[in-house]
Amino acid sequence: MTETATQIELEKPLPDHTQLPESDGTFVKNFQEHPQSIILTDSIGPVLERLHPDGQYAIGQDSGIYWRQTDPPEQGAVAPDWFYIPNVPPLLDGRYRRSYVLWQEYIRPLIVLELASGDGTEERDKTPISRSPEGKAVKPGKFWIYEQVMRIPYYGIYQIITGELEVYRLVNGYYEQMSPNARGHYEITPLGVELGLWQGSYQNQAQLWLRWWDTDGNLLLTGAERTEVERARADRAEQQAQSAEERARSAQEQAQSAEERAQAAEQRAEMVLQAQRNAISRLLGMGLTIEEVATTLSLTPEEVRQQQPQP
């Protein structure tokens, strides 16, 4: 290349997200990745809205992050299964993001999560940029890219087959594997949340899911779960209101015999108890713990145990 050609090449503007490929042609490796990404995004939404009242954040799911220029371009990108970037607009100039370009926006993701279909070897690959003895470029590993180039503060690897979760935190330029807290969760301090595993059913799949909790150990619910909790509370409140109304009416019916009043009271109590049992059954079926159900319905854990469905 001549000196003039080299100068022209150096003066060319760097490509942005509209000029770079948004896919390298690969496909999702398993059926869990899509719903797993959705449950992570859906449940953490209220937290991010509280942290970013201006709406300045972005979440990517199996989307490309360009970290260096290569030929072809997609070889300079990595696509985490889920990641969160604070303090960036969700759209660029009113257009949806095709990818995230580090040399264009500079702000790195706070956390990336990989859903490993295999044994996690690819996700733990620390191979640096190098060339073989024959001069061929060696593909760098994901772990090395996240740690040494992108310097992402938190990196999680979830092995779907074995249900094992590893979380790393960047300390002095290198990843250190974190230890879980007493609840078995990993604290993501900047977000004020914990990351862990939850056994339950979501989108017609009953299995072990990667999920968020708050720092008090309360599961962060999806929109559908929050709706179900509110429904259970409303049903219980309605039954309590009906019971109170019937008690007031009963007090006015002085002519009613003592036996009839006792039967009516028993029926009312059974209605309230049945509504309570139904609410407990629905919430337990969603995967909430006995303690979480007790808090939701203003009961004691022992009351929940006594009224939970028997196997």
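Ala, Val, Leu, Ile, Met, Phe, Trp, Tyr, Cys and Pro count here as nonpolar, Asp, Glu, Lys and Arg as charged, and the others, Gly among them, as polar. The model is predicted, and local features need pLDDT of at least 70, side-chain atom pairs count only at pLDDT 80 or more, while totals for chains, interfaces and linings use all residues. Residues are numbered from 1 along each chain as its sequence is written, and side-chain values use heavy atoms, with hydrogens and water left out.

**Exercise 1.** Determine which residues point each way from strand β6, and whether they are buried or exposed.

*Solution.* Begin with the extent of the strand (a DSSP run of E, at least two residues, numbered from the N terminus): β6 covers residues 111-116. Six of its six residues are buried, where buried means under 20% relative accessible area with a 1.4 Å probe and protein chains only. Ile-111, Leu-113 and Leu-115 point one way, whereas Val-112, Glu-114 and Ala-116 point the other way. In a regular strand the side chains alternate between the two faces of the sheet.

**Exercise 2.** Establish in which sense β6 pairs with β4 and with β9.

*Solution.* Pairing requires that DSSP finds at least two bridges between two strands. Strand β4 (residues 82-86) runs antiparallel to β6 and is joined to it by three bridges, with Trp-82 opposite Leu-113. Strand β9 (residues 154-159), by contrast, pairs with β6 in the parallel sense over six bridges, and there Gln-159 is the bridge partner of Ala-116.

**Exercise 3.** Classify the lining of the second largest pocket.

*Solution.* The lining divides into nine nonpolar, five polar and six charged residues.

Definitions and conventions
Buried means under 20% relative accessible area, exposed over 50%, partly exposed in between (1.4 Å probe, protein chains only). Helices (H or I, at least four residues) and strands (E, at least two) are DSSP runs, numbered from the N terminus.
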